[in-house]
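I opened a new notebook page for this chain. I wanted to go from the overall fold down to single residues.

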Amino acid sequence: MYQCKDMLIKDVTVTALGDSPNTDGIHMGDSSGITITNTVISVSDDCISFSPGTSKVNITGVTYGSGHGISIGSLGRYKDEKDDTNINVKDCTLKKTTFGVRIKAYEDAASVLTVSKIHYENIKMEDSANPIFIDMKYCPNKLCTANDASKVTVKDVTFKNITAPPPPRRPSACSALPRSHAPA
């Protein structure tokens, strides 16, 4: 969705095979007043992604079945990008996603922009590898030339009632030693 205003997406199913290249489920940019509710998304890239210039978005009751989760960005790739603000994600379930909720900004951002007023609430993750991931040095093609901090500012982000199982426990080096040999 590009330059869309006041849209409702409800009771939709979006699927793509797990190895399909670059298949975002729902991607939006320069859009506002978007509501996505009671939807199922299972793709091989971002389930829902927000490009620059996205504002006033409400997502509720969405189930994500694979893919990269909910992503804001990538931000700062092009000059004169606009801010992302007022994005609310509530009462959603993510199953077997690479990421849960993610913000990604280029480390050599061409724009000065802000991501603000982002609220995640009642998000349940099942087998999501990286439940919360904020990447201010995003550089997918390893061609970035950053020497300083990113020009993208992230502020006013809240996480409320986010549940994710703990990562699998890996034995430490000393836990494999017999008790008599364990360090004191």
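My entries follow, from the whole chain to local details.

**Entry 1. The chain as a whole**

I noted that this is a predicted model. I counted secondary structure before anything else. The protein chain has 14 strands and zero helices. I then looked at burial. Of the 184 residues, 42% count as buried. The accessible surface comes to about 10300 Å². Carbon and sulfur atoms hold 51% of that surface. I also checked the contacts with a separation of 6 or more. Residues 24 or more positions apart account for 75% of these.

**Entry 2. The five-stranded sheet**

I traced an open sheet of five strands. Its order is β3-β6-β9-β11-β13, and the pairing is parallel. Which strands stand at the edges? They are β3 (26-28) and β13 (130-138). Each has a single partner strand, so one side of each lacks a neighbour in the sheet. From one strand to the next, the twist averages 15°.

I took a closer look at one pair. Strand β11 (residues 99-106) and β13 run parallel and are joined by six bridges. Within this pair, Ile-103 has Ile-134 of β13 as its bridge partner.

**Entry 3. Around β10**

Next I followed the partners of β10 (residues 84-95). Strand β7 (residues 55-60) pairs with β10 in the parallel sense over five bridges. Asn-58 has Asn-88 as its bridge partner in β10. Strand β8 (residues 63-66) also runs parallel to β10, with two bridges. There, Tyr-64 is matched with Leu-94 of β10. How many bridges join β10 to strand β12 (residues 113-126)? I found 10, again with the strands parallel. Lys-95 has Glu-126 as its bridge partner in β12.

**Entry 4. Salt bridges**

I searched the whole structure and got five salt bridges. Three residues caught my eye: Asp-46, Arg-102 and Lys-104 are linked in a network of salt bridges.

I took the Asp-46 to Arg-102 pair before the other. The closest N and O atoms are 3.0 Å apart. Asp-46 lies in the loop between β5 and β6 (48-50), and Arg-102 in strand β11, so the pair ties together parts 56 residues apart in sequence. Is Asp-46 buried or exposed? Asp-46 counts as buried because its relative accessibility is 3%, and buried means under 20%. Arg-102 has 6% and is buried too.

Then I took Lys-104 with Asp-46. Here the closest N and O atoms are 3.4 Å apart. Lys-104 is in strand β11 and Asp-46 in the loop between β5 and β6, 58 residues apart. Both Lys-104 and Asp-46 are buried.

I also noted Glu-126, which forms a salt bridge with Lys-124 at 3.4 Å between the closest N and O atoms. Glu-126 counts as partly exposed at 29% relative accessibility. Lys-124 is partly exposed as well, at 43%.

**Entry 5. Gly-76**

I picked Gly-76 in the loop between β9 (70-75) and β10. Gly-76 counts as buried, at 1% relative accessibility. What does Gly-76 contact, leaving aside neighbours within four places in sequence? The contacts include Glu-81, Tyr-106, Leu-113 and Val-152. I also compared Gly-76 with Lys-151. The two are 75 residues apart in sequence, yet their C-alpha atoms are 7.6 Å apart.

**Entry 6. Backbone oddities**

I kept the usual background in mind. Most residues other than glycine have a negative phi, and most peptide bonds are trans.

I found a cis peptide bond from Gly-73 to Ser-74, with omega near 25°. Ser-74 lies in strand β9.

I then noted positive phi values outside glycine. Gln-3 has a phi of about 55°. Gln-3 sits in the segment before β1 (5-10), and counts as exposed at 55% relative accessibility. Asn-38 has a phi near 50°. Asn-38 is in the loop between β4 (32-37) and β5 (40-42). Asn-38 is partly exposed, with a relative accessible area of 41%.

**Entry 7. A surface patch**

Last, I looked at the surface. Ile-132, Ile-134 and Phe-159 make a nonpolar patch of about 250 Å². Ile-134 is the residue I had already met as the bridge partner of Ile-103. Phe-159 is found in strand β14 (residues 152-163). Phe-159 is partly exposed, with a relative accessible area of 36%.

Terms used
Residues are numbered from 1 along each chain as its sequence is written. This is a predicted model: local features need pLDDT of at least 70, side-chain atom pairs count only at pLDDT 80 or more; totals for chains, interfaces and linings use all residues. Side-chain values use heavy atoms; hydrogens and water are left out. Patches are made of residues with over 30% relative accessible area and no salt bridge: like charges are joined within 9 Å, nonpolar side chains (Val, Leu, Ile, Met, Phe, Trp, Tyr) within 5 Å. Accessible areas come from the Shrake-Rupley method with a 1.4 Å probe; for residues, only the protein chains shown count as cover. A salt bridge is a side-chain nitrogen of Lys or Arg within 4 Å of a carboxyl oxygen of Asp or Glu. Helices (H or I, at least four residues) and strands (E, at least two) are DSSP runs, numbered from the N terminus. Buried means under 20% relative accessible area, exposed over 50%, partly exposed in between (1.4 Å probe, protein chains only). Two strands pair if DSSP finds at least two bridges between them. Axes are lines fitted to C-alpha atoms, for helices over the stretch in contact, and angles run from 0 to 180 degrees between N-to-C directions. Contact means heavy atoms within 4.5 Å.
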